[in-house]
Amino acid sequence: MNKNQKPWKTIMKRELTAYFTSPVAYIAGALFLVFSGLLFFSTFFLANRAELRSFFEYLPILFSFFIPALTMRVFSEEQKSGTMETLVTLPVTVRDIVVGKFLGAFVSSILLLVPTLFYVLTCVIFSESEVDAGPMFGGYMGAVLLASSFTAIGIYASSITKNQIVAYFISFTVCIVLTGVSIFGPFLPGVVVSFISFISANSHFTSISRGIIDSRDLIYFVSLTAGFIALTANQVHNARRR
């Protein structure tokens, strides 16, 4: 480990290197682009509308499938290969380990969005009217916050099991429940609907993607991210004690 570099940066670079050498990352990235492209270009060609509404509408579902695929190996692989014991005995803090791994996985998740900026360029070029920048900016801002939350959920799921497939399904289940729970709102009593709306990641993301920046939505995603990072840190702390 480079003594002149902060430990969490070294761990983050290690995670990014593992990301770029993993076939799973490229497969997940390619499939994400295929499905997101279908959502965008179906609206563009079939409905003759140059907009990102369909893309952002289904983005939480896409993230629920693909971000767990990127995060499932973060701690599970370390535990399975036995390098977790080495990692927790290094002269680094639990915070350095968790923050470094989270940031590496988070950057990997954000990289899924980079090619989709082509959709924005397409809208700007082919839109018959002036493009409303507010929803586009809000959509990508919400996407970053959503990716942060789902990444935190993913690394926590990876920290509690040695099996990457189990980690994937735990993370996927939590993410898809947070995404789809608002569907049941119309069938539930009013008091329950308020709670459902509060815990629904999709509701908060939809609000931001419309260009409405509400502090309650920001607090939700920040709290969700911080909460699962704290749970992950507790798991790593327990592993160090053992």
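**A predicted all-helix chain: surface patches and a salt-bridge network**

Colleagues, I begin with Val114, which is found in the loop between H6 and helix H7 (117-126). Helices here are DSSP runs of H or I with at least four residues, strands are runs of E with at least two, and both are numbered from the N terminus. The model is predicted, so local features need pLDDT of at least 70 and side-chain atom pairs count only at pLDDT 80 or more, whereas totals for chains, interfaces and linings use all residues. Residues are numbered from 1 along each chain as its sequence is written, and side-chain values use heavy atoms, with hydrogens and water left out.

Val114 is partly exposed, at 46% relative accessible area. Buried means under 20%, exposed over 50%, and partly exposed in between, with a 1.4 Å probe and protein chains only. The areas come from the Shrake-Rupley method with that 1.4 Å probe, and for residues only the protein chains shown count as cover.

What surrounds Val114 on the surface? Together with Phe20, Tyr26, Val107, Leu111 and Leu117, Val114 makes a nonpolar surface patch of about 530 Å². Patch members have over 30% relative accessible area and no salt bridge; like charges are joined within 9 Å, and nonpolar side chains (Val, Leu, Ile, Met, Phe, Trp, Tyr) within 5 Å.

A second patch carries positive charge: Lys6, Lys9, Lys13 and Arg95 gather there on the surface. Lys and Arg count as positive and Asp and Glu as negative, while His and the chain ends are not counted; a charge is placed at NZ of Lys, CZ of Arg, CG of Asp or CD of Glu. Arg95 belongs to helix H6 (residues 94-111) and is exposed, with a relative accessible area of 63%.

Turning to the overall fold, the chain has twelve helices and zero strands. Its C-alpha trace spans about 60 × 45 × 30 Å along the principal axes. The radius of gyration is 19 Å, which agrees with the value near 18 Å for a compact globule of 242 residues; it is taken over C-alpha atoms, and the globule rule is 2.2 Å times the number of residues to the power 0.38. Of the 242 residues, 46% count as buried.

Helix H11 (residues 201-209) is mostly covered, with seven of its nine residues buried; among them are His204, Phe205 and Ile208. Just after H11, Gly211 takes a positive phi of about 90°. Ile212 follows in the loop between H11 and helix H12 (215-241), and at 48% relative accessible area Ile212 is partly exposed. Its C-alpha atom is separated by 9.8 Å from that of Gly139, 73 residues apart along the chain.

Finally, the electrostatics. How many salt bridges does the structure hold? There are seven, each a side-chain nitrogen of Lys or Arg within 4 Å of a carboxyl oxygen of Asp or Glu. Arg14 and Glu15 meet at 3.9 Å, N to O. Arg14 is partly exposed, at 40%, whereas Glu15 is buried, at 3%. Glu15 also pairs with Arg73, the closest N and O atoms being 3.3 Å apart. This pair links distant parts of the chain, 58 residues apart: Glu15 in helix H1 (residues 7-20), and Arg73 in the loop between helix H3 (53-71) and helix H4 (76-81). Arg73 further meets Glu77 at 3.0 Å; Glu77 is partly exposed, at 37%, and Arg73 is buried, at 15%. Shared partners join Arg14, Glu15, Arg73, Glu77, Glu78 and Lys101 into one salt-bridge network.
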